[in-house]
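Please walk me through this structure, beginning with its side-chain contacts and ending with the overall fold. Plain paragraphs will do.

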Amino acid sequence: MLAAVASVACFIMFLHPAFAHNVTEGDRGYIQEIYGVNLIPFLYLGAKHMVTGYDHLLFLFGVIFFLYRMKHIGIYVSLFALGHSTTMLLGVYFDWAVNAYVIDAIIGLSVVYKALDNIGAFERWFGVQPNTKAATLIFGFFHGLGLATKILEYDIASEGLIPNLLAFNVGVEIGQLIALSMILIIMGFWRRTPSFWKHAYTANVIMMSLGFILFGYQVAGFFAA
């Protein structure tokens, strides 16, 4: 299982940035060309964004890493969805101008935070355990704002804006459920093996490293832009 985690890590390192918060070129052209209410296409685009958004998936992977009860998973995922939906909808509707590199760098740090939280670093270093529910909600705000900045770059038509955004958001939640189900299935099998506790620390170190890579990539982009 650890080899699988490492393989995913290497794959993500070489992904084109279009598969994170950026929208692919084909979807970009589509968004720029259409106008009016287009619920099904935006539903699909929202689901596609979440399923291919590796920054979201890394964070969610960290959030549920040590959660076993569906009640607890539901609470944390709902908090993330609430934060993500709020800033995505408001950011596009009110045209919030935020530097995409800065937001995406913070999103990279959200992955680092969750990995450190999972290995108990904050309690060991500072003697304080952060409120994990509040952190999940707050980082959800940043994840949603990151997507809003990308949508705004493509000048989405004002005709049908609200219905299209709502459809996109519903698609995001559908995509999140699909991705989360896949993660939970894999985690369920892994947790039944002795290697889970043996390699849990290493898996979170890998996740933390990926977060730093995402952060560094965005910082470099900010200064190069």
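In this predicted model, the ring of Tyr68 has a positive neighbour: the charged end of Arg191 sits over it, 4.3 Å from the ring centre. A second arrangement of this kind involves Arg192, whose charged end sits over the ring of Phe189 at 5.7 Å from the centre.

Rings also pair with one another. The whole structure contains 15 aromatic pairs. One of them joins Phe65 and Trp190, with ring centres 5.8 Å apart; the planes meet at 85°, over the 60 degrees required, so the pair is classed as edge-to-face. The two partners come from distant parts of the chain, 125 residues apart: Phe65 is in the loop between α4 (54–64) and α5 (70–93), and Trp190 is in helix α9 (residues 161–191). Phe65 has a relative accessibility of 0% and is therefore buried. Trp190, at 2%, counts as buried too.

The aromatic pair of Phe66 and Trp197 is stacked, with 5.6 Å from centre to centre and 20° between the planes. Phe66 belongs to the loop between α4 and α5, while Trp197 belongs to helix α10 (residues 195–224), so this pair ties together parts that are 131 residues apart in sequence. How covered are these two residues, Phe66 and Trp197? Phe66 is partly exposed, with a relative accessible area of 28%. Trp197 reaches 58% relative accessibility, and because the limit for exposed is over 50%, Trp197 counts as exposed. Both pairs belong to a cluster in which ring pairs link Phe61, Phe65, Phe66, Trp190, Phe196 and Trp197.

Next comes the nonpolar surface. Leu90, Tyr93, Phe94, Trp96, Val98, Ile162 and Leu166 make a nonpolar surface patch of about 640 Å². Helices α5 and α9 are the elements that give two or more residues to this patch. Ile162, one of the patch residues, lies in helix α9. Its relative accessible area is 46%, so Ile162 is partly exposed.

Gly108 offers a view of the interior. Where in the fold is Gly108 placed? This glycine is in helix α6, which covers residues 100–118. Its relative accessible area is 0%, so Gly108 is buried. Leaving aside residues up to four places away in sequence, Gly108 touches Gly211, Leu214 and Phe215. The C-alpha atoms of Gly108 and Phe212 are 6.3 Å apart in space, although 104 residues separate the two in sequence.

The overall fold can now be described. The protein has 10 helices and 0 strands, and reading along the sequence gives the pattern α-α-α-α-α-α-α-α-α-α. Among contacts with a separation of 6 or more, 85% are between residues 24 or more positions apart. The pair of Phe65 and Trp190, 125 residues apart, is an example of a link between distant parts of the chain.

What share of the residues counts as buried? The answer is 50% of the 225 residues of the protein. The exposed area of the protein is about 11200 Å², and carbon and sulfur atoms supply 71% of it.

Conventions:
Residues numbered from 1 in each chain as written. Predicted model: local features only at pLDDT ≥ 70, side-chain atom pairs only at ≥ 80, totals over all residues. Heavy atoms only, no water. Helix = DSSP H or I, 4+ residues; strand = E, 2+ residues; numbered from the N terminus. Buried < 20%, exposed > 50% of the residue type's maximum accessible area, 1.4 Å probe, protein only. Contact = heavy atoms within 4.5 Å. Areas by Shrake-Rupley, 256 points an atom, 1.4 Å probe, with all protein chains shown as cover. Phe/Tyr/Trp six-rings, centres within 6.5 Å; stacked < 30°, edge-to-face > 60°. Lys NZ or Arg CZ within 6 Å of the ring centre and 35° of its normal. Patch = residues over 30% accessible without salt bridge, like charges linked within 9 Å, V, L, I, M, F, W, Y side chains within 5 Å. Salt bridge = Lys/Arg side-chain N within 4 Å of Asp/Glu carboxyl O.
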